[in-house]
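Please open the model in a viewer and keep the selection panel at hand. The tour proceeds by stops, each with something to select.

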Amino acid sequence: MTSRPSRMSSEERREQIIEAAIAVFGAKGYVGTTTDDVAKAASVSQPYVVRLFGTKENLFLAALDSALEELLAAFATVPSVPDLHARGELMGQAYLRLLEVRGLHQLLSHAFLLGAHPVIGPAARDGFARVWRYLRDEAGFTSEEAQKFLAMGMLINTMLGLRLTEEYGRDAGMTELFDECFPVSIGLVLEEAPRAHEPW
């Protein structure tokens with residue numbers, strides 16, 4: 001007698017939907033995504049998504065919160081080495097490993113462009129402030145080091161959003177940019193970044 005596969009709990013199903021939401025919002029943006037898009041990506045019904053989250057706005061907020069938690073958790077895995085430059089390098093590598101979370105970097109970029117939205121705007125600003133406080137208070141960066149780290153993160157997100165990996169090896173300028181920005185992690189970036197743009 002074969003045992004039946006165990007059913008997912010409501011919390012597991014919720015996490016599955018949020019994972020799909022991060023990927024779909026990351027690929028299509030807030031305006032371009034529907035709850036039905038996310039439901040299809042999560043292999044659940046659209047009414048079930050609405051029952052759990054209520055609105056697309058609430059779903060986006062849940063996805064944003066999850067993405068920020070994953071980001072800060074990744075930073076927290078970096079050992080507290082005394083050399084702040086070395087710590088910054090390790091945190092940068094942790095940030096790049098988050099490419100394995102499909103859509104995370106793009107979702108953050110979309111959120112940070114929604115500053116005028118009455119609900120998402122404040123949540124995105126709070127999230128950005130949380131990252132800044134982590135860099136200053138937990139990582140121990142100076143304000144200048146924190147600024148440079150954030151600037152590099154935004155450059156990475158911009159390069160991913162523009163799909164510049166498609167130009168690597170074809171355009172000399174873009175190839176140089178990637179080689180300078182990712183001297184250690186270029187293989188990971190070239191392998192993982194295209195997954196963020198795969199159609200659903």
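Which helix supplies the largest share of the lining of the largest cavity? The answer is α8, with 5 residues. Before that site is selected, some conventions are required. The model is predicted, so local features need pLDDT of at least 70 and side-chain atom pairs count only at pLDDT 80 or more, while totals for chains, interfaces and linings use all residues. Residues are numbered from 1 along each chain as its sequence is written, and side-chain values use heavy atoms, with hydrogens and water left out.

**Stop 1: the whole chain**

Display the protein chain as a cartoon. Its secondary structure comprises 10 helices and 0 strands (DSSP runs numbered from the N terminus, with H or I over at least four residues for a helix and E over at least two for a strand). The C-alpha atoms fill a box of roughly 55 × 50 × 40 Å along the principal axes. The radius of gyration of the protein chain is 18 Å, which agrees with the value near 16 Å for a compact globule of 200 residues (taken over C-alpha atoms, the rule being 2.2 Å times the number of residues to the power 0.38). Of the 200 residues, 41% are buried (under 20% relative accessible area, with exposed over 50% and partly exposed in between, for a 1.4 Å probe and protein chains only).

**Stop 2: the largest cavity**

Rolling a probe the size of a water molecule over the atoms shows where empty space is left. The whole structure holds 2 cavities of 30 Å³ or more. On a 1 Å grid over the protein atoms alone, a cavity is a set of points where a 1.4 Å probe fits but cannot get out; a pocket is an open set with protein on both sides within 12 Å along at least five of seven lines; and lining residues have an atom within 4 Å of a point. Grid points are joined across faces, edges and corners, and a volume is the space filled by probe spheres set on the points.

Select Leu71, Tyr95, Val131, Leu150 and Met154, the closest to the centre of the largest cavity among its 13 lining residues. The space inside is about 140 Å³. Next, colour α4 (56–76), α6 (104–112), α7 (120–138) and α8, each of which supplies at least two residues of this lining. By class, the lining has 11 nonpolar, 2 polar and no charged residues (nonpolar: Ala, Val, Leu, Ile, Met, Phe, Trp, Tyr, Cys and Pro; charged: Asp, Glu, Lys and Arg; polar: the others, Gly among them).

**Stop 3: the largest pocket**

Select Gly88, Glu89, Gly92, Phe149 and Met152, which lie nearest the centre of the largest pocket, a site lined by 20 residues. Its volume is about 540 Å³. Both α5 (84–97) and α8 (143–161) supply at least two lining residues, and α5 gives the most, with 8 residues. The lining of this pocket divides into 11 nonpolar, 6 polar and 3 charged residues.

**Stop 4: aromatic rings**

Remain at Phe149 and add Phe75, Tyr95, Tyr134 and Phe141: these five form one aromatic cluster. The whole structure has 10 aromatic pairs (ring centres of Phe, Tyr or the six-membered ring of Trp within 6.5 Å; planes under 30 degrees apart are stacked, over 60 edge-to-face, the rest tilted). One of them, Phe141 with Phe149, is edge-to-face, at 5.8 Å centre to centre and 65° between the planes. Phe141 counts as buried because its relative accessibility is 3%, and Phe149 counts as buried at 16%.

Then move to Tyr30: Lys56 lies over its face, at 4.5 Å from the ring centre (NZ of Lys or CZ of Arg within 6 Å of the ring centre and within 35 degrees of the ring normal).

**Stop 5: the loops**

Most residues other than glycine have a negative phi. Select Ser43, in the loop between α2 (35–42) and α3 (46–53); although not a glycine, Ser43 has a positive phi of about 60°. Ser43 is exposed, with a relative accessible area of 62%.

Continue to the loop between α8 and α9, where Arg163 lies. Phi of Arg163 is also positive, near 55°, and Arg163 is partly exposed at 37%. Thr165 is found in the loop between α8 and α9 (172–181) and is buried, at 14%. Finally, draw a C-alpha distance from Thr165 to Ala193: the two are 28 residues apart in sequence and 7.2 Å apart in space.
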